[in-house]
Amino acid sequence: MASLKIQSKHAAPNEVSADVLAVGVVASGKKGDFGPAVAALDAALDGAIAKAIAKEEFTGKRGQSVEVQTLGRLEADSVVLYGLGDVESLKVDAIRTFAAKAARSAQANKASALAIALPECLDKASRTIGEGLELGVYRFTKYFTGDRQPKTALEKVIVIPASKPSAEWKKQLELGQKIGAAINHTRELGNEPPNVLFPESYADIAVKLCKENGLDCKVLDFKEIQRRGMKLIQAVGQGSAHEPRFVHMTYSPEKKAKKKIVIIGKGITFDSGGISIKPAPGMGDMKSDMSGAGNLIGLMEALAALEPEVEVHAIAPLAENMPDAKAYRPGDIWGSLDGKTVEIVNTDAEGRLLLADALAYGRALNPDLLIDNATLTGACLVALGANCSAFYANTEEAGAAFQKAVDAAGENMWRMPLLEDLRDQVKSDVADVKQAGDRMGGSITAALFLREFIGDQKHWIHVDIAGPAFADKAAGWSPKGATGHGILTFLALIEQAAD
Ligand code: BES
Ligand code: MN
Ligand code: ZN
């Protein structure tokens, strides 16, 4: 559900009434000259903007901002200029960040109405602006009571485009907001504590979402998971008091689909490590080990709004990884839906096991492209840092298509190689495959393990979102905590497939 009331108004910024007026400006060749709209504001403020620009050495560089209090001389309490840098190198991520920062900072300053003026170079960016605004106001406040509850919220945004907005411009703004709200829905799930969000409750949320949006939803319970031979999901989930679930959501376009895409998301609602238990510090963050599955909720919600001509199957294997008398153990050998046997060496490498069965299930749907996304390895953070996902592709065609989507969405992802040299690490002396290799190249060997379960699927992409799925501080359009990172790229990929 969208939280903002967003309107658009073609007017001079100094004529629009709001608590805060945010103005996006491009870097100027002429010192202190940011165009007629800023000049008009400066005149209304008796030169206070020019003074602040000089004092703060504001040049309109990307990421810079300068704030001026209006002291009653304008409708707005304050005017904030946001630098967008030069037009030639301005990309979607900086545009989304601008809108998100304007909204987040207005909300932090207890504003209830924000006006945001766009420079001409953003005439075609209304969807991105809509996304950024809604994403920017997200905060996880559900469990605050009394004084801890926020007393104010940003409620209204008036977007002021440089040119007269068309109906299509307004439609894209609205669509962007819906996408932002869908991603916020995913964030809410990643932030939910694991005593509230477990496999059964995720399944309930998926059923509800699909019902509301006219999508198909199938839930396999634990009995059915076992009956179908999803032994690896059983292995991971059987040590928990919360039974595993397997959720399959489907979006089908009204017109004939141009492509079929299957996307799988790891749904470990809490990862204690199991018998190979994790150290205590930071273990609570493992409530977000269902972020891959969480992404599917926001993705499906956004697809229902976007209505692309692509059939999309979203598949979430869900389990809680706990140590228990019934838990699976290192040394175990388990079968799988694919048929291959797996030697377990570390119960903390549970995600790839869930994914293995889900990949075998997903590939049977004969998709043009099979994707999985998962908070899979700590090694991925070692390789790329905490703000970048790794992606792997088994064909150049799939790799190039995914890279194009990454660029269009502006998310931080980097392609990694499926190094054949490391394949020995997932060979077993006692079973068909070994679950995990050694520490070195841990993100790659996890991908190589998954590849064992794609059968003859032609195009496959694996995305390790372990770093960016859950953030320890706000950055760009993402808040602290669950981010929903990945959804924008998957949406871009699906929209591309419809072209
Ligand atoms: N869920 C974790 C990976 C993870 C780590 C996600 C940090 C987000 C932040 C995964 O299940 C895991 O524990 N992986 C192990 C694999 C190892 C035992 C082969 C890891 O990365 O240490
Ligand atoms: Mn684990
Ligand atoms: Zn995990």
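## Two metal ions side by side

In this predicted model, the zinc ion (ligand 3) and the manganese ion (ligand 2) are 3.1 Å apart, and aspartate 271 coordinates both of them. Lysine 266 lies in the loop between strand S9 (259-265) and strand S10 (267-271), while glutamate 350 lies in the loop between strand S13 (342-343) and helix H10 (351-363), so this pair ties together parts that are 84 residues apart in sequence.

## The zinc site

The protein donors of the zinc ion (ligand 3) are Lys266, through its NZ atom, Asp271 and Asp289, each through OD, and Glu350, through OE, and they lie 2.0 to 2.4 Å from the ion. Along the chain, the donors of the zinc ion follow the spacing K-x4-D-x17-D-x60-E. The site has six donor atoms with angles of 78 to 175° among them, and its geometry is octahedral.

Are the lysine and the glutamate buried or exposed? Lysine 266 has a relative accessible area of 2% and is therefore buried, since buried means under 20%, and glutamate 350, with a relative accessible area of 0%, is buried as well.

## The nonpolar cores

The largest nonpolar core has 57 residues, and those with the most contacts inside it are Tyr202, Met249, Met300, Ile371, Phe402 and Val463. Helix H14 (residues 487-498) gives the most to this core, contributing nine residues. If its neighbours within four places in sequence are left aside, isoleucine 371 is in contact with Ile261, Val262, Ile263, Ile264, Ile461, Val463, Phe490 and Leu493.

Apart from this core lies another, of 43 residues, which includes Leu220, Leu353, Ala390 and Leu418.

Notes: Residues are numbered from 1 along each chain as its sequence is written. Chains are lettered from A and ligands numbered from 1 in the order in which they are written. This is a predicted model: local features need pLDDT of at least 70, side-chain atom pairs count only at pLDDT 80 or more; totals for chains, interfaces and linings use all residues. Side-chain values use heavy atoms; hydrogens and water are left out. Donors are N, O and S atoms within 2.8 Å of the metal (3.2 Å for Na, K and Ca); water is not among the atoms, so sites may look incomplete. Four donors count as tetrahedral if all angles lie between 85 and 135 degrees; four count as square planar and six as octahedral if opposite donors are over 155 degrees apart and all others between 65 and 115; anything else is irregular. Helices (H or I, at least four residues) and strands (E, at least two) are DSSP runs, numbered from the N terminus. Buried means under 20% relative accessible area, exposed over 50%, partly exposed in between (1.4 Å probe, protein chains only). A nonpolar core is a set of buried Ala, Val, Leu, Ile, Met, Phe, Trp, Tyr and Cys residues joined through side-chain atoms within 4.5 Å. Contact means heavy atoms within 4.5 Å.
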